[in-house]
Amino acid sequence: MNSDSLNPGSVVEDPTLPTVGVGPHPEPWPDDAHLDPELLRDGDRRNVIDKYRYWRLEAIVADLDRSRAALHVAIQNWEHDFNIGSMVRTANAFNVAAVHIVGRRRWNRRGAMVTDRYLHVHHHEDEATLLAWLAARSITPVGVDNLPGSIPLETAELPEHSCLVFGSEGPGLTDAMAAGCDAIVAITQYGSTRSMNAGAAAAIAMYHWSRQHRGAGWFG
């Protein structure tokens with residue numbers, strides 16, 4: 001018997017758990033303006049790809065800016081929905097041009113796992129403010145919701161310069177937001193549930209846009 005099991009207060013390390021990130025960088029340190037001296041000294045345990053290990057936050061954002069997608073993502077924040085964080089994390093994975101939070105300024109960041117730091121996040125008080133911002137930049141708003149008359153996402157040709165707009169979990173897009181979108185697309189479902197989780201729907205929609213505008217080479 002493991003003696004640790006006899007001591008309820010003992011903490012047993014799980015050897016199967018992966019080690020996140022890297023430890024302190026061996027000296028002498030590389031002479032590279034991208035690198036953060038504190039991370040080199042203490043190690044880098046952030047949720048970033050290997051390319052960005054030890055890089056300063058500002059350097060990562062600047063590098064990502066060179067390859068941002070033309071896609072924008074907007075999320076209506078009326079209910080402090082916990083899915084918002086997941087949607088922001090997915091937006092980071094697809095390196096979108098910007099994320100727009102519509103409604104309450106404070107949003108549930110828990111699921112984002114600080115990935116919002118590497119994105120450009122804008123706040124808009126209401127639907128009209130967002131739609132005006134997009135119109136001024138010739139960005140087409142496309143709602144994602146299973147509303148009557150919506151277009152099946154799998155058959156939709158999404159504009160390259162578009163903004164995928166998502167509602168809160170449950171109520172979906174508000175009437176004002178749906179009316180302001182140039183089109184509404186919906187993910188075809190085959191089961192009994194009325195709607196799909198908002199975070200899952202956002203991931204599918206961003207992937208669909210990327211398949212059309214990033215090209216097969218982007219997916220390796």
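A residue counts as partly exposed when its relative accessible area lies between the buried limit, under 20%, and the exposed limit, over 50%. That idea returns in several of the views below, and every view shows a predicted model.

**Figure 1. The whole chain combines six helices with seven strands.** Before we zoom in, here is the overall layout. Along the sequence, the elements of the protein chain come in the order α-α-β-α-β-β-α-β-β-β-α-β-α. The protein chain has 220 residues, and buried residues account for 42% of them.

**Figure 2. Arg41 and Asp42 are joined by a salt bridge.** Here two neighbours in the numbering meet through their side chains. The closest N and O atoms of Asp42 and Arg41 are 2.8 Å apart. Arg41 has a relative accessible area of 49%, so this residue is partly exposed. Asp42, at 48% relative accessibility, is partly exposed too. In general, side chains of opposite charge can pair when their charged atoms come close. The structure holds eight salt bridges, and the next two views show others.

**Figure 3. Lys51 reaches Asp63 through a salt bridge.** In this pair, the closest N and O atoms are 3.0 Å apart. Lys51 lies in the loop between α1 (37–42) and α2, while Asp63 belongs to helix α2, so the pair ties together parts that are 12 residues apart in sequence. Is Asp63 buried or exposed? Asp63 counts as buried, because its relative accessibility is 15% and the limit for buried is under 20%.

**Figure 4. Asp65 pairs with Arg68, and another set of residues forms a network.** The closest N and O atoms of Asp65 and Arg68 are 2.8 Å apart. The two partners sit in unlike surroundings: Asp65 is partly exposed, with a relative accessible area of 36%, whereas Arg68 is buried at 16% relative accessibility. Elsewhere, Asp44, Arg46 and Arg53 are joined into one network by salt bridges that share partners.

**Figure 5. Tyr52 and Trp55 make up the one aromatic pair that was counted.** How do we describe such a pair? By the distance of the ring centres and the angle of the planes. For Tyr52 and Trp55, the centres are 5.0 Å apart and the planes meet at 65 degrees, an edge-to-face arrangement. Tyr52 is buried, with a relative accessible area of 6%, and Trp55 is buried as well, at 10%.

**Figure 6. The charged end of Arg137 sits over the ring of Trp133.** This view shows a charge meeting a ring. The charged end of Arg137 is 3.8 Å from the centre of the Trp133 ring.

**Figure 7. The largest pocket has a volume of about 390 Å³.** Its lining is made of 16 residues, and the closest to the centre are Ile49, Tyr52, Leu64, Asn92 and Ala93. Helices α2 (57–65) and α3 (83–93) each supply at least two residues of this lining. Which element gives the largest share of the lining? That is α3, with three residues. By type, the lining of the largest pocket holds nine nonpolar, five polar and two charged residues.

**Figure 8. The second largest pocket has a volume of about 300 Å³.** Of the 20 residues lining this pocket, Val144, Asp145, Asn146, Ser195 and Met196 are the closest to its centre. The lining of the second largest pocket divides into nine nonpolar, eight polar and three charged residues.

**Figure 9. Leu130 is a buried residue of helix α4.** Helix α4 covers residues 127–136, and Leu130 within it has 0% relative accessibility. The C-alpha atoms of Leu130 and Ala74 are 8.4 Å apart, although 56 residues separate the two along the chain.

**Figure 10. Three places in the backbone deserve a look.** In the segment before α1 we find Pro28, and the peptide bond from Glu27 to Pro28 is cis, with omega near 0 degrees. Tyr54, in the loop between α1 and α2, has a positive phi near 75 degrees without being a glycine. Tyr54 is also buried, at 11% relative accessibility. Met113 lies in the loop between β2 (98–103) and β3 (121–124); its phi is positive as well, about 50 degrees, and Met113 is not a glycine. Met113 is partly exposed, with a relative accessible area of 42%.

Technical notes:
Residues are numbered from 1 along each chain as its sequence is written. This is a predicted model: local features need pLDDT of at least 70, side-chain atom pairs count only at pLDDT 80 or more; totals for chains, interfaces and linings use all residues. Side-chain values use heavy atoms; hydrogens and water are left out. On a 1 Å grid over the protein atoms alone, a cavity is a set of points where a 1.4 Å probe fits but cannot get out, and a pocket is an open set with protein on both sides within 12 Å along at least five of seven lines; lining residues have an atom within 4 Å of a point. Grid points are joined across faces, edges and corners, and a volume is the space filled by probe spheres set on the points. Helices (H or I, at least four residues) and strands (E, at least two) are DSSP runs, numbered from the N terminus. Ala, Val, Leu, Ile, Met, Phe, Trp, Tyr, Cys and Pro count as nonpolar, Asp, Glu, Lys and Arg as charged, and the others, Gly among them, as polar. A salt bridge is a side-chain nitrogen of Lys or Arg within 4 Å of a carboxyl oxygen of Asp or Glu. Buried means under 20% relative accessible area, exposed over 50%, partly exposed in between (1.4 Å probe, protein chains only). Rings of Phe, Tyr and Trp (its six-membered ring) pair if their centres lie within 6.5 Å; planes under 30 degrees apart count as stacked, over 60 as edge-to-face and the rest as tilted. A charge sits over a ring if NZ of Lys or CZ of Arg is within 6 Å of the ring centre and within 35 degrees of the ring normal.
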